[in-house]
Protein chains: 2
Amino acid sequence: MHYTRDNMAGLLRSHDINPTHQRIEIAYALFSRQEHLSADQVMAIVNTRHSETSKATVYNTLKLFLEKGLVREVIVDPSKVFFDPNTSPHHHLYEVDSGKLSDIDAEHVVISGLPPLPAGMVTEGIDLIVRVRRTS
Amino acid sequence: MHYTRDNMAGLLRSHDINPTHQRIEIAYALFSRQEHLSADQVMAIVNTRHSETSKATVYNTLKLFLEKGLVREVIVDPSKVFFDPNTSPHHHLYEVDSGKLSDIDAEHVVISGLPPLPAGMVTEGIDLIVRVRRTS
DNA sequence: CGCCGATCTGGACTTTGTCTAATATTCGGA
DNA sequence: TCCGAATATTAGACAAAGTCCAGATCGGCG
């Protein structure tokens with residue numbers, strides 16, 4: 001799959017999101033790179049040429065994408081949230097020193113022995129984060 | 001084990017931490033409750049009577065406790081970090097709506113099938129967070 | 001073309017956390 | 001017990017991420 005700006009409109013529509021210029025740019029930033037980006041990084045990318053999209057819009061849009069299931073939130077760094085265009089089940093590898101974040105395919109990972117949930121609760125998601133450090 | 005302020009001095013010393021009044025109060029807040037507290041909450045608890053401990057000290061002290069392995073950091077909420085006085089291996093259950101955070105004993109949980117780490121990397125920790133929501 | 005709801009915007013604001021330079025406390029030794 | 005050095009604490013200014021709002025703008029449709 002190759003992502004273009006034209007693709008994005010369809011992708012947004014299929015998730016029940018009105019495709020505006022700004023939303024297409026933001027989606028394109030995330031999907032064309034297939035990387036974990038923070039709101040700051042998205043802003044920087046989208047505004048490389050001339051300033052085009054405001055901070056408020058970037059935050060609003062990312063929140064909208066999140067609600068509509070277009071992206072996923074990854075909380076590994078206390079100082080900022082990352083947004084992940086990969087919504088298929090997977091886990092994360094976080095390099096503590098460099099801040100580099102990468103995916104771990106969930107296909108072969110098995111988590112067993114979790115206790116039953118408290119009554120009246122449903123699982124919204126299971127986040128598994130492997131924190132690694134360069135050997136010193 | 002029953003925690004008293006007097007206990008705390010020994011606990012701190014055993015972790016190579018100089019036991020000062022403020023540090024004892026902060027340690028006592030965490031250990032006597034055995035709960036996950038944010039820096040804000042620690043501040044509020046420690047300063048209930050009259051203002052006794054400054055913001056800077058609370059943050060400095062929590063960071064020190066972290067370095068010395070006295071507490072653990074739990075990153076589940078993008079807006080604040082929680083500190084966990086339980087350093088034995090365990091996982092976390094996070095109630096998304098209420099923000100309530102509780103422990104899952106690691107004893108019976110098995111995680112298998114993780115891919116090998118990139119060369120020159122060591123695992124610093126594995127965080128498993130089960131995000132749950134009340135059935136609506 | 002003009003309307004109307006949806007979207008975008010700048011900028012003020014909040015919250016969490018950091019930094020700094022001055023002050024205070026603690027600890028070990030005599 | 002007293003002293004000096006090292007360590008710890010403090011208030012308050014600052015920084016960064018994120019939220020909020022009221023007004024401006026857009027874009028599709030009649």
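How many cavities of 30 Å³ or more does the structure hold? There are 2 of them, and the views below visit each, after a look at the DNA. Please keep in mind that this is a predicted model.

**View 1. The protein surface around DNA strand D.** Here 19 residues surround the strand, and the closest are K55(A), T20(B), Q22(B), E52(B) and T57(B). By class, this surface has 5 nonpolar, 8 polar and 6 charged residues. Looking at the DNA side, 76% of the strand D atoms within 4 Å of the protein belong to sugar or phosphate, and the rest belong to bases.

**View 2. Side chains that meet DNA strand D.** In chain A, a side-chain N or O atom of K55(A) lies 2.8 Å from a base oxygen of the strand. Y59(A) instead has a side-chain N or O atom 2.9 Å from a phosphate oxygen. From chain B, the side chain of T20(B) places an N or O atom 2.6 Å from a phosphate oxygen. Elements giving two or more residues to this surface include α4 (55–67) of chain A and α2 (21–33) of chain B.

**View 3. The largest cavity, lined by residues of chain B.** Its volume is about 50 Å³. Among the lining residues are R72(B), H92(B) and D127(B). β2(B) provides the largest share, 4 residues, and β7 (121–134) of chain B supplies at least two. The lining comprises 4 nonpolar, 1 polar and 3 charged residues.

**View 4. The second largest cavity, lined by residues of chain A.** This one has a volume of about 30 Å³. R72(A), E73(A), V74(A), H92(A) and D127(A) form the lining, to which strand β2 of chain A gives the most, with 3 residues.

Terms used
Residues numbered from 1 in each chain as written. Chains lettered and ligands numbered in written order. Predicted model: local features only at pLDDT ≥ 70, side-chain atom pairs only at ≥ 80, totals over all residues. Heavy atoms only, no water. Near = heavy atom within 4 Å. Polar contact = N/O pair within 3.5 Å; in protein donor to acceptor, adjacent residues only side chain to side chain. Nonpolar A, V, L, I, M, F, W, Y, C, P; charged D, E, K, R; others polar. 1 Å grid on protein atoms, 1.4 Å probe; cavity = no way out; pocket = protein on both sides within 12 Å on 5 of 7 lines; lining within 4 Å. Points joined across faces, edges and corners; volume = space filled by probe spheres on them.
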